[in-house]
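The following exercises are to be worked with the sequence and the three-dimensional structure in view. Each task is followed by a solution in steps.

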Amino acid sequence: MKEIILAKYGEIALKGLNKNTFENLLIKNIKRRLAPLGKFDCTRQQSTIYIDALEEGIDPDTVMEKLSTVFGIACICKAGVFEKDFEDICRGAFEYLADTLEYAHTFKVEAKRADKRFPMKSPEICCELGGRILEKFPHLTVDVKNPEVTVTVEIRDTNAYVHAVKIQGAGGLPVGSSGKAMLLVSGGIDSPVAGYMMAKRGIHISAVHFISPPYTSERARLKVEQLCEKLTSYCGDIAFFCVPFTEIQEAIRDNCPEEYFTIIMRRLMMEIAQKLSDRDDCLALITGESVGQVASQTLKAIACTDAVCRMPVFRPLIGMDKTEIIEISRKIDTFDISIQPYEDCCTVFTPKHPKTKPTIEEIEKAQNSFDFSKMVQKAVENTEIKIIKI
């Protein structure tokens, strides 16, 4: 009996004239994700991608697990492939779904007749196949509202497909379909979640991290690289930019009013991130800021930070509370890494009483008391680049 994986997508189906572009990119991402497992044939038809293993010994459950993190897929299911003959469908369903039905108590049948030439209509398929299943598995009862098992029959152009086990996909849009953006990642809980959420909208992520040795350690940097490695399951390969920031932070400490340290630091980070974005063809910046979470994330502080930006800054967590952010971080398996107690440069020279309602004029005056331009350029030139692969 032949088994195939069906990857179904939702939002892509609404893309109209651009649908082919999204579908082609999704297939490309699927093939890239499955490449370590072996060779696969991927074809598309009617909002479904059919994934057929071309080599023996490939575990379908492992394939489904890999596909569950591919953005653009709404749900994934294993399906038996049968001839478009009702008797063959029934025999195949009994054999293919025997283990599933044997241990269930309730079920229902759903049918999707995409090939209208098939002689039985969908309600007839449901009724007849449901009756046959009850005869074969008399311990079962029908529950159309909340069944333990939903047996689905899909009559397509070339074959009939029967399945009862499906898992939820990652949803969203294929990574790369919405361009490229630079994620400012500190090592905390928020920024990896922000990167995940923007990747879900089809954005290909690069990442920039600022280090300040000896105030920050090599372990802190490795922690951030680990976070990026976790994100690759969803985002694909990530270009990781590591920026030396010690000289700039010491200059801020020595030349600027203490209450403005954090905001001036954020502004200079944004300037460096934009220069690196130009080099890496990124069209926007991404941060993990949430309104009011810390002093530098008040509306006035954010306005002062944005004043130096010449490209969009995406803040997908801006209206979320910490509990919601932590929930997502656990889902994408970054939480335990994020809470490792290694310092990051955002905690270096933290003011005792940071300004929460600064004006752009006073921040610019404080920052312009020292010329940071040469230091910024030096930091960009000395940035290390590493490709973190999936």
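**Exercise 1. A residue of strand β3**

Determine whether D52 is buried or exposed, and list its contacts.

*Solution.* Step 1. D52 has a relative accessibility of 14% and therefore counts as buried, where buried means under 20% relative accessible area, exposed over 50%, and partly exposed in between (1.4 Å probe, protein chains only). The model is a predicted one, in which local features need pLDDT of at least 70 and side-chain atom pairs count only at pLDDT 80 or more, while totals for chains, interfaces and linings use all residues. Residues are numbered from 1 along each chain as its sequence is written, and side-chain values use heavy atoms, with hydrogens and water left out.

Step 2. D52 belongs to strand β3; helices (H or I, at least four residues) and strands (E, at least two) are DSSP runs numbered from the N terminus.

Step 3. With neighbours within four places in sequence set aside, the contacts of D52 are K2, E3, I4, K39, F40 and D41. Contact here means heavy atoms within 4.5 Å.

**Exercise 2. The eight-stranded sheet**

Establish the strand order of the open sheet, identify which strands stand at its edges, and describe how helices α2 and α5 pack on the sheet.

*Solution.* Step 1. Start from β1 (residues 2–8), in which five of seven residues are buried. Strand β1 runs antiparallel to β4 (residues 75–82), to which seven bridges join it; I4 has A79 of β4 as its bridge partner. Strand β1 also pairs with β3 in the antiparallel sense, over four bridges, and A7 is partnered there by I49. Two strands are taken to pair if DSSP finds at least two bridges between them.

Step 2. Strand β5 (residues 106–113) and β6 run parallel and are joined by two bridges, with F107 partnered by V142 of β6.

Step 3. The full order is β2-β3-β1-β4-β8-β7-β5-β6, an open sheet with mixed pairing. The edges are β2 and β6 (141–142); each has a single partner strand, so one side of each lacks a neighbour in the sheet.

Step 4. Helix α2 (residues 60–67) packs on this sheet, touching β1, β2, β3, β4 and β8 (160–168), and its direction makes about 145 degrees with that of β4. Helix α5 (residues 122–136) also packs on the sheet; it touches β5, β6 and β7 (149–155), and its direction makes about 145 degrees with that of β5. Axes are lines fitted to C-alpha atoms, for helices over the stretch in contact, and angles run from 0 to 180 degrees between N-to-C directions.

**Exercise 3. The largest nonpolar core**

Identify which elements give two or more residues to the largest nonpolar core, and find the contacts of F210.

*Solution.* Step 1. The largest nonpolar core has 39 residues, of which V208, F210, F245, I248, I252 and I272 touch the most other members. Such a core is a set of buried Ala, Val, Leu, Ile, Met, Phe, Trp, Tyr and Cys residues joined through side-chain atoms within 4.5 Å.

Step 2. Two or more residues each come from β9 (180–184), β10 (204–211), β11 (238–244), α8 (246–255), α9 (261–279), α10 (299–306), α13 (360–367) and α14 (373–381). Helix α9 gives the largest share, ten residues.

Step 3. Beyond four places in sequence, F210 touches L184, V243, F245, M269, I272 and C345.

**Exercise 4. The loop between β10 and α7**

Locate P214 and T216, and describe the peptide bond before P214 and the surroundings of T216.

*Solution.* Step 1. P214 is placed in the loop between β10 and α7 (218–235), and T216 is found in that loop too.

Step 2. The peptide bond from P213 to P214 is cis, with omega near 5 degrees. Most residues other than glycine have a negative phi, and most peptide bonds are trans.

Step 3. T216, at 8% relative accessibility, counts as buried. Not counting residues up to four places away in sequence, T216 touches I211, E343, D344, C345 and V348. T216 and V348 are 132 residues apart in sequence, with their C-alpha atoms 8.2 Å apart.

Step 4. A polar atom of the T216 side chain lies 2.8 Å from the backbone nitrogen of S212.

Key. A polar contact is a pair of N or O atoms within 3.5 Å; within protein, one must be able to donate a hydrogen and the other to accept it, and residues adjacent in sequence count only if both atoms are side-chain atoms.
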